[in-house]
Amino acid sequence: MSRLIYYVASSLDGFIADEHDSLDWLLSHAQEPGGGNDYDSFIANIGAIAMGSTTYEWVLANGGWSYEMPAWVLTTRDLAAPASTAADGTADVRFARGDVSAVYEAMRQAAGEKDLWVVGGGELAGQFADAGLLDEVHLSIAPVTLGRGRPLLPRRLDLELIEQGTNGAFVTARHRVRRAGKG
Ligand SMILES: NC(=O)c1ccc[n+]([C@@H]2O[C@H](COP(=O)([O-])OP(=O)(O)OC[C@H]3O[C@@H](n4cnc5c(N)ncnc54)[C@H](OP(=O)(O)O)[C@@H]3O)[C@@H](O)[C@H]2O)c1
C-alpha cells in the first residue's frame, strides 16, 4: 500500500523557506549520501509527487524540472508544463485545483506499489492531512533559525516518532501520522 510522505527540510524554528522563498540557508549545508533521510533511497521508491505552485515555480527557476515520475501541481492559475526534464527526459506534469482527495487517488493509480511524495509547501501537506491522507513526515532539520518564512506544517497533528538520526549538519526524523482507525 502506497504511503503519502511529506519529505522536507526545515529550519530549527519550523520554516521550509524564508519569507522571500529562498532556500540558501538550506542548500549551504551538504547532505551526505547514506545519512538519515537519504534522498536517493527515498526517491527510488516514489511513484508520484505533488506540490503547490510556489514550489513548482521555485523548481523551474532553480535548475529546472528534474522529476521523472508523474507530478501534480496544485494551482488556481493557468501555468505551463515543462517540455522536458533538465536532462532531456520526459516531464509528466499535471495541474489540479481544489480538493486534494482526487489528486491523491490519481497519484495512487499512477504510482502502483510505490510511495507518494508531497514535496511542499506546508499548507498543501496540511490539506492532505485534513483529508486523512498524510501517512508520514520525514523531516531534516537544518542548524539555522529564520524567524519568519513559509511554515513547515501549519496544522495540529499527533505524530509517532519511528526513526531518528543525523545527516551531516542535519538532525533527521521520521514520523507516522496518528489518526483514528489507522495506527
Ligand atoms: N525546505 C524544503 O525542503 C522545501 C520543500 C518544498 C518547498 N519548499 C519551498 O517552500 C516554499 C513553499 O511555498 P508555499 O508555502 O507558498 O507553498 P506551495 O504549496 O509551494 O504553494 C502554495 C500555492 O499553491 C497553490 N495551491 C495550494 N493548494 C491548492 C489547492 N488545493 N488548489 C489550488 N491551488 C492550490 C496556491 O497558489 P495559486 O493558486 O496562486 O497558484 C498557493 O498559494 C517555496 O519557496 C518552496 O520552494 C521548501
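How do the residues of the shell around the ligand divide into nonpolar, polar and charged? The split is nine nonpolar, ten polar and four charged. Here Ala, Val, Leu, Ile, Met, Phe, Trp, Tyr, Cys and Pro count as nonpolar, Asp, Glu, Lys and Arg as charged, and the others, Gly among them, as polar. The model is predicted: local features need pLDDT of at least 70, side-chain atom pairs count only at pLDDT 80 or more, and totals for chains, interfaces and linings use all residues. Residues are numbered from 1 along each chain as its sequence is written, and side-chain values use heavy atoms, with hydrogens and water left out.

The ligand has 23 residues around it (a heavy atom within 4 Å). D21, S53, T55, T75 and T76 come nearest. α3 (53–61) supplies four residues, the largest share of the shell. Helices are DSSP runs of H or I with at least four residues, strands runs of E with at least two, numbered from the N terminus. β1 (4–10), β2 (15–17) and β6 (115–120) each give at least two shell residues.

Polar contacts are pairs of N or O atoms within 3.5 Å. A polar side-chain atom of T76 lies 2.5 Å from a ligand oxygen. For T55, the distance from a polar side-chain atom to a ligand oxygen is 2.6 Å. A backbone N or O atom of A9 lies 2.7 Å from a ligand nitrogen.

Note on methods. Polar contact = N/O pair within 3.5 Å; in protein donor to acceptor, adjacent residues only side chain to side chain.
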